[in-house]
Amino acid sequence: MFGSERLEQDWLTHRVCAAWDDARSGVRDGALRLGAHCMGVPMLVHEMGHLVEIDDRRATENDFGLRYKRVVRLPPTSYSSGIYPQPLTAQGVERECRVIAISVRILGAIGWPPEAQWADMENTIAALRHMDDWCNVPGRRSDEARSEWCRRKVSRDLVQWPLERVRAEWWRKVVLVTKRLERADRRAAP
Ligand SMILES: [Zn+2]
């Protein structure tokens with residue numbers, strides 16, 4: 001697929017690599033494998049965006065330890081008492097908007113034309129309405145108003161994330177992940 005060779009050459013290593021046959025990201029067989037199954041390059045780049053964006057602690061967790069729900073305990077008098085997962089903020093969607101901006105930078109760096117970057121952004125924003133915290137995104141009147149809020153958020157995030165920052169943070173994370181995996185190898189050695 002277009003761009004995959006440049007990703008392999010310029011961005012990926014044997015310790016941080018693509019999992020073309022798996023939809024999930026996580027450490028398997030001594031490498032951090034980024035799930036690219038189903039969508040190929042756009043999905044791989046999206047997962048790379050998550051690695052750039054995530055805090056160091058979660059860099060090697062399965063799917064970067066992302067859970068967009070917080071468990072809240074409802075009062076016993078409530079009609080559905082007990083533990084009930086419910087998103088309290090839109091921070092999951094906000095994080096995805098940052099990841100979209102970072103992905104746009106990486107797609108640009110591997111030669112995707114602007115209209116293809118734009119189409120990928122629109123596809124991802126369209127998918128965000130299936131997230132649990134979509135209802136908390138400003139623009140309560142309609143999905144379209146919320147999508148528009150997301151486009152503006154991505155525009156602001158693009159200013160925060162120029163390509164040089166994306167590249168620098170990517171390689172800082174690759175070094176961090178590699179050292180962590182090498183330590184794990186040494187611990188596992190007999
Ligand atoms: Zn995502």
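A residue is exposed if 12 or fewer other C-beta atoms lie within 10 Å of its own, and buried if 20 or more do. The legends below use these words for a predicted model.

**Figure 1. The whole chain has six helices and five strands.** Along the sequence, the elements run α-β-β-β-α-β-β-α-α-α-α. The C-alpha atoms fill a box of roughly 55 × 50 × 30 Å along the principal axes. Of the 190 residues, 29% are buried. Among contacts with a separation of 6 or more, 59% join residues 24 or more positions apart.

**Figure 2. Confidence varies along the predicted chain.** The average pLDDT is 90. A score of at least 70 is reached by 90% of the residues. Over residues 69-76, the pLDDT is below 50. This stretch still has 16 contacts in the model beyond near neighbours in sequence.

**Figure 3. Helix H5 spans residues 143-160.** H5 has 18 residues, which should span 26 Å at 1.5 Å a residue. Its end C-alpha atoms are 26 Å apart, so the model agrees with that expectation.

**Figure 4. Helix H5 has a buried side and an exposed face turned away from it.** Arg-146, Cys-150, Lys-153 and Val-154 of H5 are buried. Seen down the helix axis, the buried residues fall within an arc of 105°, so they line one face of H5. Their cover includes helix H3 (91-109) and helix H4 (114-128). The face turned away carries Glu-144, Ala-145, Arg-152, Ser-155, Arg-156 and Val-159, which are exposed.

**Figure 5. Helices H2 and H3 cross.** H2 covers residues 41-53. The axes of H2 and H3 come within 8 Å, at an angle of roughly 115°. The crossing is right-handed. On the H2 side, the contact is made by Val-45, His-46, Met-48, Gly-49, His-50, Val-52 and Glu-53. H3 contributes Arg-95, Arg-98, Val-99, Ile-102, Ser-103, Ile-106 and Leu-107.

**Figure 6. Asp-63 has a positive phi, and so does Phe-64.** Neither Asp-63 nor Phe-64 is a glycine. Phi is near 50° in Asp-63 and near 55° in Phe-64. Asp-63 lies in the loop between H2 and strand E4 (70-74). Phe-64 lies in the loop between H2 and E4 too. Asp-63 has 15 other C-beta atoms within 10 Å, so it is partly exposed. Phe-64 has 19 C-beta neighbours inside 10 Å and also counts as partly exposed.

Terms used:
Residues are numbered from 1 along each chain as its sequence is written. This is a predicted model: local features need pLDDT of at least 70, side-chain atom pairs count only at pLDDT 80 or more; totals for chains, interfaces and linings use all residues. Helices (H or I, at least four residues) and strands (E, at least two) are DSSP runs, numbered from the N terminus. Two residues are in contact if their C-beta atoms, placed from the backbone, lie within 7 Å. The expected span of a helix is 1.5 Å times one less than its number of residues. The arc is that of the directions from the helix axis to the C-beta atoms. pLDDT is the predictor's confidence in each residue, from 0 to 100. Axes are lines fitted to C-alpha atoms, for helices over the stretch in contact, and angles run from 0 to 180 degrees between N-to-C directions. A crossing is left-handed if the near helix is turned anticlockwise from the far one by less than a right angle, and right-handed if clockwise.
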